[in-house]
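Biologist: Please take a close look at one pair of packed helices in this model, and tell me how the two are placed against each other and what their contact consists of.

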Amino acid sequence: PNLEEMLNSFDFEGVAKSVLKPEAWAYYSSGADDEITLRENHNAFHRLWLKPRVMVDVEKVDMSTTLLGTKTSMPLYITATALGKLGHPDGEKVLTLASAEQDIIQMIPTLASCSFNELVGARAQNQTQWFQLYVNKDRAITEKLVRHAEASGVKGLFITVDAPQLGRREKDMRQKYSADDPEQLIESKAKVTRSQGAARAISTFIDPSLNWNDVKWFRSITKMPILLKGVQTAEDAVLAARHGCQGIVLSNHGGRQLDFAPSGIEILPEVMEALKAEGLDKNFEVYVDGGIRRGTDIFKAIALGAKGVGIGRPALYAMSSYGVDGVVKLVQLLKDELEMVMRLMGTPTVADIKPEMIDMRNIKSH
Ligand code: FNR
């Protein structure tokens, strides 16, 4: 099918499945174990219903917002996903160019296929990039990465905390990662074992001893806002704020780590409540990723307290299918959807989107 036929984010998935090599499809699409969390991530949105308000002047709808101090065209960013060159010869650079065109933020992954310098080098004027960090057992390497990111103009440090060990993604493991040299796909020169899929091949350097005491050290080596990516409970949200982080991403790594971890959107209300109860909700930004596929998903997350949401797989699928044009179209579809939802909900600006517009009767904690 050609690009004009893509009507929503799901459409790109089908195309990607047919154009990707089996090992690339397995790496991108897989989740941990029985993929219960992977499915739940999107399904959880189905339990949240909307309470639309009428008779509001919605002639003009303004989706723009400010994330970590950066103005952006909508409360959506492209999150970090490893190994972009499995899907497209230009790798994550495709996402950089498309983000610039759509004026949204891109989070650069530690395990990008392109070099970090290539991705910051491709940045347009006024474009904002964040950096996702996997903490290396060798902290000197980590320190160098972080300092270099800051010096290169990156505006936020997102430390991944949900992966002290990589989850078992069996679809991926069955493919026995067979790229001639995985090191050609990533900058990192970690030692690899190739018998258990792409994920395991590239992740052996990650430090499982990472703990709360390390936040202070990160604070001492960078002035960038520090956020923890992969917080999954209200308790840890409160601890992150107490330890001086500037925010968190409620995320279960796209269902690729702990199966039966809750979806970010499901725990968002209790997280916001806990932060508020402790007086920690000011100057602390909560993000959500996992299963965001529709404008209504974005709206629901914002209503329940998120500053913004990340998309992972949809961007990879659009990139693999149609390159830059595909990702631009994907984001445009989500923009068009969000604009329509905001109009039909009676919320002309992001600030008008409120918790009371969501019917939460089907959410666990209520
Ligand atoms: C990821 N994710 C991820 N997260 C991270 O912190 N570091 C990484 O290197 C990767 N790599 C990665 C690869 C692939 C193929 C996927 C699908 C995901 C997790 C990612 O940042 C995000 O949490 C999820 O992708 C969000 O869920 P959706 O949008 O894919 O449903």
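Modeller: Helices α11 and α12 are oblique to each other, because oblique is the word for angles that are not under 35 degrees (roughly parallel), over 145 (roughly antiparallel) or 65 to 115 (roughly perpendicular). The axes of α11, residues 234-242, and α12, residues 264-277, cross at roughly 45° and come within 8 Å; such axes are lines fitted to C-alpha atoms over the stretch in contact, with angles running from 0 to 180 degrees between N-to-C directions. Helices here are DSSP runs (H or I, at least four residues), numbered from the N terminus. The crossing of α11 with α12 is right-handed, that is, the near helix is turned clockwise from the far one by less than a right angle. On the α11 side the contact is made by Ala234, Ala237, Val238 and Ala241, and on the α12 side by Ile267, Glu270, Val271, Ala274 and Leu275, where contact requires C-beta atoms, placed from the backbone, within 7 Å. Sorted by class, this contact holds eight nonpolar residues, no polar ones and one charged residue, with Ala, Val, Leu, Ile, Met, Phe, Trp, Tyr, Cys and Pro counted as nonpolar, Asp, Glu, Lys and Arg as charged, and the others, Gly among them, as polar.

This is a predicted model, in which local features need pLDDT of at least 70 and side-chain atom pairs count only at pLDDT 80 or more, while totals for chains, interfaces and linings use all residues. Residues are numbered from 1 along each chain as its sequence is written. The protein chain averages a pLDDT (the predictor's confidence in each residue, from 0 to 100) of 94, and 93% of the residues score at least 70.

Technical notes
Helices (H or I, at least four residues) and strands (E, at least two) are DSSP runs, numbered from the N terminus. Two residues are in contact if their C-beta atoms, placed from the backbone, lie within 7 Å.
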